[in-house]
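Hi there,

Here is the structure I promised to pass on to you. Have a look at it first, and then read on for my notes.

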Amino acid sequence: MRALLSVSDKTGIVDFAKGLIDLGFEIVSTGGTWRVLKDAGIEVTEISEITNFPECFEGRVKTLNPYVHGGILYRRNKPDHVEEAKKLGIEPIDLVCVNLYPFKETIERTDDFEEIIENIDIGGPTMVRSAAKNFESVIVVTDPNDYDKVLQALREDKNTLEFRRELMIKAFEHTAHYDATIANYMNERFHEGFGNKQFIVGKKVFNTRYGENPHQKGALYEFEDFYNELNILKGEPSFNNLTDINAATKIAVSLGKGSVVIVKHGNPCGAALKGDLITSWQKALAADPVSAFGGVVAVNGVVTKELAEEINKIFVEVLIAGKITEEAKEVFANKKRIKLFDLGQAELEISGDMYDFKHIEGGFVYQTADFVKDEEVLEAKQVSVVGVEDKKDLLMAYKIAALTKSNCVAYVKDGALVAIGMGMTSRVDAAKCALKKAAELGIDVRGAAMASEAFFPFRDSVDEAAKAGIKAIVEPGGSIRDDEVIEAANEHGIALYFTGVRHFLH
């Protein structure tokens, strides 16, 4: 039996080769891998002895040879293939272990296009694909984490067709991901990220119990290794939990360390950034304690025992934080239904993906990601006669509105969300709905700041804000009736700012 080892990532390759030799394999290798094995005292045959042809063109051509690919690809169960291999002097290769040139690592490290091009692997993917195609006879290994599993299967006579099939699938996933990374990079470099083809590749983290509903299947996939940092402390994240965690965490990170955000069905029902996390929690909860029941809470900081005791006074389904202390976990120990997750650090973070996409029937729409910049509000144009010196509440309201389903209007007072209307077909309905709920809860919104993620098409939303005692409004502007909106603000003595940036979230 012969094994061909040619890896860019040398992790564990020496021990893997030793294990294969113990099982009776002859080792064939290339370039850097051959040198590592040779230096480790392993008996190894250099690939040129098999191909009868030297490596050439600075190593660009090493394995593209019939003695290599014929040895991998010929079918052992077809007599004519076996006879032809003998006639041509082609010896079988029974195991192929390859991982590819570090293209992704290279583009993260340098912008030198010549170096990037040289880190596009050609022979490696070809060998992987050849071995995967002939998985009935050949073992293909692309992941160093599988070395022990492969050795164990060979030792225990468990090298079954099903075992090789799973390695085959993994191999094709490996080369597909590699090619997709190259194609996406080239389109990013030369077509501003929008080429004729767009490849979205994710690595499975885990299956969810079901999808959005019990009759649907679901799973979490990640682009990089972001979700490997998610510590599952208690409970099992569901499909819907994950989308709510995403919504809550994005807002909490946007508001900053020390914030608390409560989300229900993807929409915020409470948010606050006060001097301490306990006060932030209390003020966030006060915005809508009814909706908060069974909600998802994001704490941008460390959950202590004291904060846990406050949160534990109501039922929340999910708590995600930068860190949840051991003492805090004990507080929730007897709550069977709560799920606890943290990132094991002082504050929350998001991956900051540069692109966004949404599935539509028959395809998907793809765009650059939307980010809210503080300067949009801090440097917004004052279009009213009166203004405000402190824009903290305006900025907080604007961020919440931008990260909430349109049409959305958010009201913030003293660092806490006091009213919000979202997902409405009418902007004035969003404004009225928010104020109506605040009134029902006995929340005083007088003096609050108001934000809309898109322009007001009519002055009616400003008139409603005036009735509620709103002191300042920020919105993008750009309506054909902007003059009427400005006039309304001046009539009511409300400070009005235009950012010039719309933040629809549909």
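Below is what turned up, starting with the aromatic rings and ending with the cysteines. Please keep in mind that this is a predicted model.

**Aromatic pairs**

The structure contains eleven aromatic pairs. In one of them, F103 and Y185 meet edge-to-face, with 5.7 Å from centre to centre and 80 degrees between the planes. This pair links distant parts of the chain, since F103 belongs to helix α6 (residues 103–109) and Y185 to helix α10 (residues 161–190), 82 residues apart. Both partners are buried: F103 has a relative accessible area of 1%, and Y185 has 12%.

Another pair, Y355 with Y366, is stacked, at 5.3 Å centre to centre and with 15 degrees between the planes. Here strand β14 supplies Y355 and strand β15 (residues 363–368) supplies Y366, and the two are eleven residues apart. Are these two tyrosines buried or exposed? Neither word quite fits: Y355 counts as partly exposed at 23% relative accessibility, and Y366 is partly exposed too, at 22%.

**A ring cluster and a surface patch**

Y355 and Y366 also belong to a cluster in which ring pairs link them with F194, F357 and F364. F357 sits in strand β14 (residues 355–360). What else does F357 take part in? Together with I200, F223 and F364, F357 makes a nonpolar surface patch of about 340 Å². F357 can count towards this patch because its relative accessible area is 35%, and patch residues need over 30%.

**Arginines over rings**

You may like to look at two arginines as well. R76 lies over the face of Y74, at 4.5 Å from the ring centre. R337 does likewise over the face of F315, at 4.3 Å from the ring centre.

**Cysteines**

How many disulfides does the whole structure hold? The search finds zero. As a reminder, a disulfide is a covalent bond between the sulfur atoms of two cysteines. C269 is in no disulfide, because the nearest cysteine sulfur, that of C408, is 13 Å away, while a disulfide needs the two sulfur atoms within 2.5 Å. C269 counts as buried, at 8% relative accessibility. C97 is buried as well, with a relative accessible area of 1%.

Happy browsing, and do write back with any questions.

Best wishes

Key. Residues numbered from 1 in each chain as written. Predicted model: local features only at pLDDT ≥ 70, side-chain atom pairs only at ≥ 80, totals over all residues. Heavy atoms only, no water. Patch = residues over 30% accessible without salt bridge, like charges linked within 9 Å, V, L, I, M, F, W, Y side chains within 5 Å. Areas by Shrake-Rupley, 256 points an atom, 1.4 Å probe, with all protein chains shown as cover. Salt bridge = Lys/Arg side-chain N within 4 Å of Asp/Glu carboxyl O. Helix = DSSP H or I, 4+ residues; strand = E, 2+ residues; numbered from the N terminus. Buried < 20%, exposed > 50% of the residue type's maximum accessible area, 1.4 Å probe, protein only. Phe/Tyr/Trp six-rings, centres within 6.5 Å; stacked < 30°, edge-to-face > 60°. Lys NZ or Arg CZ within 6 Å of the ring centre and 35° of its normal.
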